[in-house]
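Work through the exercises below with the sequence and structure open. Each task is followed by a stepwise solution.

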Amino acid sequence: MAYHLHPSEHVEHHVDKGLFIRSLSEHLKPEAILSDPEDLRPYECDGLSAYRALPWLAVLPDSVEQVRQILRLCHRHRIPVVARGAGTGLSGGALPVENGLLLSLAKFNRILEIDPENRVARVQPGVRNLAISEAVAPLGLYYAPDPSSQIACTIGGNIAENSGGVHCLKYGLTVHNLLEVKVATMDGDLVVVGSRALDSAGYDLLALLTGSEGLLGVIVEATVKLLPIPDTAQVLMASFDAIEQAGAAVASIIGAGLLPAGLELMDRLAIRAAEDFLHAGYPTDAAAIVLCELDGMAEQVETDLAKAEETLSVSGATEVRRSRSEAERKKFWAGRKAAFPAVGRLSPDYYCMDGTIPRRRLAEVLRRIGELSAEFGLAVANVFHAGDGNLHPLILYDANEAGELEKAEAFGGKILELCIEVGGTVTGEHGVGVEKIDQMCLQFGSAELAQFHAVKRAFDPDGLLNPGKAVPTLHRCAEFGRMHVRGSRLPQPELERF
Ligand SMILES: Cc1cc2nc3c(=O)[nH]c(=O)nc-3n(C[C@H](O)[C@H](O)[C@H](O)COP(=O)(O)OP(=O)(O)OC[C@H]3O[C@@H](n4cnc5c(N)ncnc54)[C@H](O)[C@@H]3O)c2cc1C
């Protein structure tokens, strides 16, 4: 579906494309500037492929100086800029703007420094997530945040989305594993934020930039923390006859004082899809499974495993299996990590939702998602970071069937509203992008949104970086008609400011 910005998000310019390409050519080689529609096609969407837009131009710089010159030119001519890593984002964050420049960081793929004494790595933004762990494994180290897309997604995209993964329950999200970033601002300045020390003076801009979805600056370098590979790790696979029981078991594990390295839940549809795809050894007759990994020193892991096994059994597990070897542990996780593409084989299209709820509401919310699935007549597969309360319902639909995409979107919207209703949030780890921008009007009132806009103006007064993403304009919210949930309906003069 062609995606157009809301009129209140549109940044107007009347720059001649040929003249602008000539200006860009002063800094970039001809092959680093793409203008032919066929060359631009690969950039027309990210992982949320339901929405598409061809950028005005795309550029592939390979030096920080080039990025700065590109931003300076765009700033001078008021041309919107959308940064892009690997394009695996699931909320449309890297979706191009039709009259804007797509800035690919793909050529920034070098690991600049590995410092085992300080357990840090300094990397360019286009380095793949998994490449960091692969590079430092011979030193007995790894980079903990592990999105399921880690084979492809970049560290720049991870920072922009504050990405999570299976191991983030114990080891934290991207923001907790980041020390310093170098950022090019919209006017081409270079800013270093954070430090290699445990703390840095001033406002915590590192936390502000992490998860800012490319709206505040372009990350051109990052220093990340490395952790020692745990002495031992084992995973339990518990089967359940009802998904609500599995949800309640997850809350019980945390309630028992355990802190697993991973605590994931998959429902029947996801189990069967993953098993067909990868033969991970999952029980295809179970209504749900919980995967619970414990890691650390061998003795402690043994004690924790026994406690977790007991908690899972008391919670109603029909079977609890321990991985018997490292190969089996990896196999159990491989099934989970491949669950999205596996579910993708069940239906022409799927829509991956992402919201977070308090863990103790898991059972109830999973039941209500099942009811919504019946109401909308669309199947849903649940496979998610249950320990974090981070839901990923995958709604199956067929975009070629008239009205099915709209139905899937409406179903997804209801799930996000449900997350808010039970005290959760509309974001888990995939960001807001364009996908959840309307639901931001439900999550926040006008006062909070005004503060978000004030932060944006401090970094990017002309609103050129990734317009129409992550933070809705108040005009959009007024049109969506739901701002009154927490804020008040705004009078017209106040609306004019945004
Ligand atoms: C199969 C599959 C599984 C996934 N599993 C997970 C998961 O487990 N956990 C998770 O968190 N996510 C997951 N994702 C989502 C996605 O992989 C992450 O959001 C990832 O961080 C995006 O990285 P990317 O390099 O592809 O970024 P892109 O998609 O290219 O961009 C994402 C956002 O970051 C911005 N951006 C990119 N680079 C920069 C930069 N250098 N400076 C400033 N802004 C930048 C873009 O403008 C955009 O807003 C999954 C996706 C897929 C397809």
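The model is predicted.

**Exercise 1.** Classify the two partners of the salt bridge between E38 and R41 as buried, partly exposed or exposed.

*Solution.* Start with the pair: the side chains of E38 and R41 meet with N to O at 3.8 Å. The salt-bridge cut-off is 4 Å, so the pair qualifies. Next, take E38: its relative accessibility is 55%, so E38 counts as exposed. R41, at 35%, is partly exposed.

**Exercise 2.** Do the same for R52 and E44, which also form a salt bridge.

*Solution.* The closest N and O atoms of this pair are 2.9 Å apart. R52 has 33% relative accessibility and is partly exposed. E44 has 12%, and buried means under 20%, so E44 is buried.

**Exercise 3.** Which parts of the chain does the D115 and R196 pair tie together?

*Solution.* First, the contact: the closest N and O atoms of D115 and R196 are 3.6 Å apart. Then the location: D115 lies in strand β5, R196 in the loop between β9 and α7, so the pair ties together parts 81 residues apart in sequence. D115 is buried at 12%. R196 is partly exposed at 36%. Finally, salt bridges with shared partners join E113, D115, R122, K182, R196 and E221 into one network.

**Exercise 4.** Find polar partners for the oxygen atoms of the ligand.

*Solution.* Begin with T88: a polar side-chain atom lies 2.6 Å from a ligand oxygen. Add N158, with a side-chain N or O atom 2.8 Å from a ligand oxygen. For S148, a polar backbone atom is 2.9 Å from a ligand oxygen. The protein covers 95% of the ligand's own 970 Å² of accessible area.

Notes: Residues numbered from 1 in each chain as written. Predicted model: local features only at pLDDT ≥ 70, side-chain atom pairs only at ≥ 80, totals over all residues. Heavy atoms only, no water. Polar contact = N/O pair within 3.5 Å; in protein donor to acceptor, adjacent residues only side chain to side chain. Areas by Shrake-Rupley, 256 points an atom, 1.4 Å probe, with all protein chains shown as cover. Buried < 20%, exposed > 50% of the residue type's maximum accessible area, 1.4 Å probe, protein only. Helix = DSSP H or I, 4+ residues; strand = E, 2+ residues; numbered from the N terminus.
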